[in-house]
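The following exercises concern a predicted model of a protein. Each task is followed by a solution that proceeds step by step.

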Amino acid sequence: MEYQYGNADRVKTTGAVDTGKEDGLTGGLTASHSMAANDLTAMNDYKSVITRVGRDKGVDPAVIAGIISRESRAGKGLDSKGWGDHGNAFGLMQIDKRWHDPQGGPFSETHIRQATQILVDIIEIEVKQKFSSWTKEKQLKAGLAAYNMGLSNVHCYERVDENTTGKDYSNDVVARAKWYKNKGY
């Protein structure tokens, strides 16, 4: 299926680098896929909402699932009130309260819509201007890196993750997304 902001299956990825260590994994596609698999049962609780929001926003639902897995381990990494990142980020997709006013409950459709719109805005307003000649799949990958640490830290496609958390954010999210796509997302 075609999505306005790219298809996860067409984005090149190397998978996790350092992020897999949290699960005792060494890295690469295998680590990303293993972490996605570990989150699948919890992720399935949100599958219908993820699919609906993805369709409505033009974002591959598998990418939304990949972000949710990376950011909150499908909710398993949040405190009892839905916060992570030392109380700075909220909900499944970890909206940073220092930059945004989180909306809805931490596991709600409202939250997923807001966070997905943040990604869409990054791509539409920033990425397409800075990297106008890139394919939409490359723009998606840059948008994912920018979702994590801001577009000012993305300088070229070959090193898109050089400043992201674990130096692997977009590659890990895309690898997880590809795995979720094979599970019907």
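**Exercise 1.** Does A62 count as buried or exposed? Establish its state, then describe its surroundings.

*Solution.* Step 1. Locate the residue: A62 belongs to helix 3.
Step 2. Apply the cut-off, under which a residue is buried below 20% relative accessible area. The relative accessibility of A62 is 0%, and A62 therefore counts as buried.
Step 3. List its partners. With neighbours within four places in sequence set aside, A62 contacts A177, K181 and Y185.
Step 4. Compare sequence with space for one of these partners. A62 and Y185 are separated by 123 residues in sequence, yet their C-alpha atoms are 4.9 Å apart.

**Exercise 2.** Determine the order of the secondary-structure elements and the arrangement of the strands.

*Solution.* Step 1. Count the elements: the protein has 6 helices and 3 strands.
Step 2. Read them from the N terminus, which gives α-α-α-β-β-β-α-α-α.
Step 3. Arrange the strands. The 3 strands make an open sheet with the order 1-2-3 and antiparallel pairing. Strand 1 (83-84) and strand 3 (95-96) are the edge strands, each pairing on one side only.
Step 4. Examine one pair. Strand 2 (residues 89-90) and strand 3 run antiparallel and are joined by 2 bridges. Within this pair, A89 is placed opposite D96 of strand 3.

**Exercise 3.** Which residues of helix 2 are buried, and how are they placed around its axis?

*Solution.* Step 1. Identify them: in helix 2 (residues 47-57), the buried residues are V49, I50, V53 and G54.
Step 2. Consider their directions. These residues span an arc of only 130° around the axis, and therefore lie on the same side of helix 2.
Step 3. Recall the helical repeat. An α-helix has 3.6 residues a turn, so residues three or four places apart point the same way.
Step 4. Find the cover. Helix 1 (28-43), helix 3 (61-72) and helix 4 (109-130) are among the elements that cover the buried residues of helix 2.
Step 5. Look beyond the helix end: G58 follows helix 2 and has a positive phi, near 75°.

**Exercise 4.** How many residues does the largest nonpolar core have, and which helix gives the most to it?

*Solution.* Step 1. State the extent: the largest nonpolar core has 50 residues. Those with the most contacts inside this core are I50, V63, I67, I68, M93, I112 and Y147.
Step 2. Assign contributors. At least two residues of this core come from each of helix 1, helix 2, helix 3, helix 4, helix 5 (136-149) and helix 6 (169-181). Helix 4 gives the most, with 8 residues.
Step 3. Follow one member. Not counting residues up to four places away in sequence, M93 touches I64, I67, I68, E71, H111, I112, A115, T116 and Y147.
Step 4. Set this beside the general tendency. In soluble globular proteins, nonpolar side chains tend to be buried together.

**Exercise 5.** Analyse two residues with positive phi, R73 and Q94, and set the accessibility of E158 beside theirs.

*Solution.* Step 1. Begin with the general expectation: most residues other than glycine have a negative phi.
Step 2. Treat R73, which is in the loop between helix 3 and strand 1. Although not a glycine, R73 has a positive phi of about 55°. Its relative accessibility is 11%, so R73 counts as buried.
Step 3. Treat Q94, which is in the loop between strand 2 and strand 3. Q94 is not a glycine either, and its positive phi is about 50°. Its relative accessibility is 9%, so Q94 counts as buried.
Step 4. Turn to E158, in the loop between helix 5 and helix 6. E158 has a relative accessible area of 67% and is therefore exposed.

**Exercise 6.** Assess the overall dimensions and packing of the protein.

*Solution.* Step 1. Compare the radius of gyration with the globule rule. A compact globule of 185 residues would have a value near 16 Å, and the 15 Å of the protein agrees with this.
Step 2. Describe the extent: the C-alpha atoms fill a box of roughly 45 × 35 × 35 Å along the principal axes.
Step 3. Consider burial and surface. Of the 185 residues, 55% are buried. The protein exposes about 8,300 Å², of which carbon and sulfur atoms supply 48%.
Step 4. Consider contact range. Among contacts between residues at least 6 apart in sequence, 57% join residues at least 24 apart.

Notes: Residues are numbered from 1 along each chain as its sequence is written. This is a predicted model: local features need pLDDT of at least 70, side-chain atom pairs count only at pLDDT 80 or more; totals for chains, interfaces and linings use all residues. Side-chain values use heavy atoms; hydrogens and water are left out. Buried means under 20% relative accessible area, exposed over 50%, partly exposed in between (1.4 Å probe, protein chains only). Helices (H or I, at least four residues) and strands (E, at least two) are DSSP runs, numbered from the N terminus. The arc is that of the directions from the helix axis to the C-beta atoms. Contact means heavy atoms within 4.5 Å. A nonpolar core is a set of buried Ala, Val, Leu, Ile, Met, Phe, Trp, Tyr and Cys residues joined through side-chain atoms within 4.5 Å. The radius of gyration is taken over C-alpha atoms; the globule rule is 2.2 Å times the number of residues to the power 0.38. Accessible areas come from the Shrake-Rupley method with a 1.4 Å probe; for residues, only the protein chains shown count as cover. Two strands pair if DSSP finds at least two bridges between them.
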